[in-house]
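This explanation is intended for a reader who meets the structure for the first time. The sequence and the model are shown below, and the paragraphs after them may be read with both in view.

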Amino acid sequence: MSQRRKFIKQSLVSSALFLPGVSAFSKTLEKGLQKEEKPLILSTWNHGLPANKAAWNKLKETGSILDAVEAGVRDTELDMENLSVGLQGLPDREGITTLDASIMTGDGACGSVAFVRQIKHPITLARAVMEKTPHVMLAGEGARQFAIAQGFPLEKEELSPKAKVEYDKWKVTSQYKPIINIENHDTIGMVGIDSSGKLAGSCTTSGLAYKMHGRVGDSPIIGAGLYVDDEVGAATATGLGETIIRICGSFLIVELMRQGRTPQEACEEAVKRLVTKSKNIQDIQAGFLAINKYGETGAFAVHPGFNFARATSSENILIDSKSHF
Ligand code: SD4
């Protein structure tokens with residue numbers, strides 16, 4: 001069993017409080033897709049459970065959905081089990097871990113950082129780009145210099161013990177296939193709505209393992225990995241960034257919702273588009289998560305295996321997404 005599978009299994013067990021049985025699980029899924037609910041916080045994969053909890057606590061504390069989506073994914077950025085988010089994530093081919101992150105609110109404010117090194121919380125740096133610069137995106141050394149100027153501590157550049165073991169194994173063959181293994185992605189994307197209907201979203205990742213040095217994925221690209229519009233809803237993505245960028249995935253979902261699709265229909269249509277535009281689709285996983293301004297939920301993926309955490313005032317549960325194949 002892969003590490004990721006094991007981890008999912010453990011998380012399912014640890015969230016058993018919210019999952020009394022399989023039938024209740026699927027009933028909740030149907031309810032979740034149709035029922036309007038506010039506040040509501042959604043995030044990708046099983047680490048979304050603790051991330052949602054952190055976001056919910058922050059929402060209670062400050063009342064700000066922006067604060068909530070930042071705090072939620074900061075939790076994942078520190079999760080040493082997660083090899084796809086934060087400085088503990090798997091490195092690029094040169095053995096260097098580089099991070100991408102973005103944040104956005106429903107009034108159009110957004111910020112992101114790409115290809116950034118030595119920063120423990122790239123999501124907070126993305127928020128600083130949004131709030132303290134005239135720009136949307138800073139990359140590489142410029143992002144790092146901005147972080148220093150803003151007083152962010154620079155972390156030592158060394159691989160986490162788990163990442164080092166994996167990288168050393170990978171170096172034996174150094175074979176890179178520009179595809180994402182279905183088991184090998186754990187980016188966190190989070191979208192949320194408060195009780196007044198304000199939306200915000202966040203996305204943070206170390207990107208594809210063993211990518212080329214300098215490669216940037218979908219997560220920091222506004223409209224690809226994340227898009228938020230108070231008039232309509234919000235969407236975020238996980239999976240092979242290249243395919244998501246090609247269809248402007250998150251923007252596409254928000255625009256489909258603007259035209260009247262439900263979040264579920266919009267996610268399914270985006271996956272359909274992605275499937276028709278991608279070669280080697282059997283080897284590619286991508287998943288989308290969406291929310292509309294009424295607090296309805298949608299999720300869909302290319303292959304089975306994608307799941308997401310959904311937090312309301314009464315529960316925080318892990319839900320299996322449906323998929324194209
Ligand atoms: C990327 N979308 O950089 C990210 C990959 C991912 O967990 O989801 N990783 O392409």
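The text below turns from the whole chain to the ligand site, and then to selected residues and a helix.

The model shown here is a predicted one. The protein is built from 10 helices and 12 strands. Its chain has 325 residues, of which 59% count as buried. The accessible surface amounts to about 13,500 Å², and carbon and sulfur atoms supply 53% of that area. Contacts across the sequence can also be described: among those between residues at least 6 apart, 67% join residues at least 24 apart.

The next subject is the ligand. Around the ligand there are 14 residues, and the closest are Asp186, Thr187, Arg215, Asp218 and Gly239. Sorted by class, this shell holds one nonpolar, 10 polar and three charged residues. Several atoms of the protein lie within a short list of distances from ligand atoms. A polar backbone atom of Asp186 is 2.8 Å from an oxygen atom of the ligand. For Asp218, an N or O atom of the side chain is 2.6 Å from a nitrogen atom of the ligand. At Gly241, a backbone N or O atom is found 2.8 Å from an oxygen atom of the ligand. Taken alone, the ligand would expose 290 Å², and the protein buries 99% of that area.

Annotations from a record can be set beside this picture. In an unreviewed UniProt entry, the annotation "binding site" covers Arg215, Val216, Gly217, Asp218, Thr238, Gly239, Leu240 and Gly241. UniProt, again in an unreviewed entry, places the feature "active site" at Thr187.

Thr187 belongs to the loop between α7 (161–173) and β5 (188–193). Is this residue buried or exposed? Thr187 counts as buried because its relative accessibility is 9%, and the cut-off for buried is under 20%. Leaving aside residues up to four places away in sequence, Thr187 touches a set of residues that includes Thr44, Trp45, His47, Cys203, Ser219, Ala237 and Thr238.

Two of the residues under the "binding site" annotation, Val216 and Asp218, invite a closer look. Val216 is located in the loop between β6 (199–205) and β7 (226–229), and Asp218 is also placed in the loop between β6 and β7. Val216 has a relative accessibility of 28% and therefore counts as partly exposed. Asp218, by contrast, counts as buried because its relative accessibility is 4%. Beyond residues up to four places away in sequence, Val216 touches Asp100, Ala114, Phe115 and Ile245. Under the same exclusion, the residues touched by Asp218 include Ala224, Gly225, Ala237, Gly239, Gly241 and Ile245.

Helix α5 (residues 122–132) comes next. Nine of its 11 residues are buried, so the helix is largely enclosed by the rest of the structure. Among these buried residues are Pro122, Leu125, Arg127 and Met130. The buried residues of α5 pack against α4 (65–77), β2 (99–105), β3 (110–116), β4 (137–139), α6 (140–149) and β6.

Helix α4, one of these packing partners, contains two residues that can be followed further. Ile65 is placed in α4 and is buried because its relative accessible area is 4%. Ile65 and Gly197 stand 132 residues apart in sequence, while their C-alpha atoms are 9.7 Å apart in space. The residues that Ile65 touches, apart from those up to four places away in sequence, include Ile41, Leu59, Gly192, Ile193 and Leu199. Thr76 is also found in helix α4, and its relative accessible area of 1% is why Thr76 counts as buried. With residues up to four places away in sequence set aside, Thr76 touches His47, Ala51, Asn82, Val85, Gln88 and Ile188.

A final residue lies in another loop. Gln285 occupies a place between α10 (263–277) and β9 (286–292). Since its relative accessibility is 1%, Gln285 counts as buried. What does the side chain of Gln285 reach? It comes to 2.9 Å from the backbone nitrogen of His303.

Conventions:
Residues numbered from 1 in each chain as written. Predicted model: local features only at pLDDT ≥ 70, side-chain atom pairs only at ≥ 80, totals over all residues. Heavy atoms only, no water. Near = heavy atom within 4 Å. Polar contact = N/O pair within 3.5 Å; in protein donor to acceptor, adjacent residues only side chain to side chain. Areas by Shrake-Rupley, 256 points an atom, 1.4 Å probe, with all protein chains shown as cover. Nonpolar A, V, L, I, M, F, W, Y, C, P; charged D, E, K, R; others polar. Helix = DSSP H or I, 4+ residues; strand = E, 2+ residues; numbered from the N terminus. Buried < 20%, exposed > 50% of the residue type's maximum accessible area, 1.4 Å probe, protein only. Contact = heavy atoms within 4.5 Å. UniProt positions renumbered as here; feature names shortened; annotations may be inferred.
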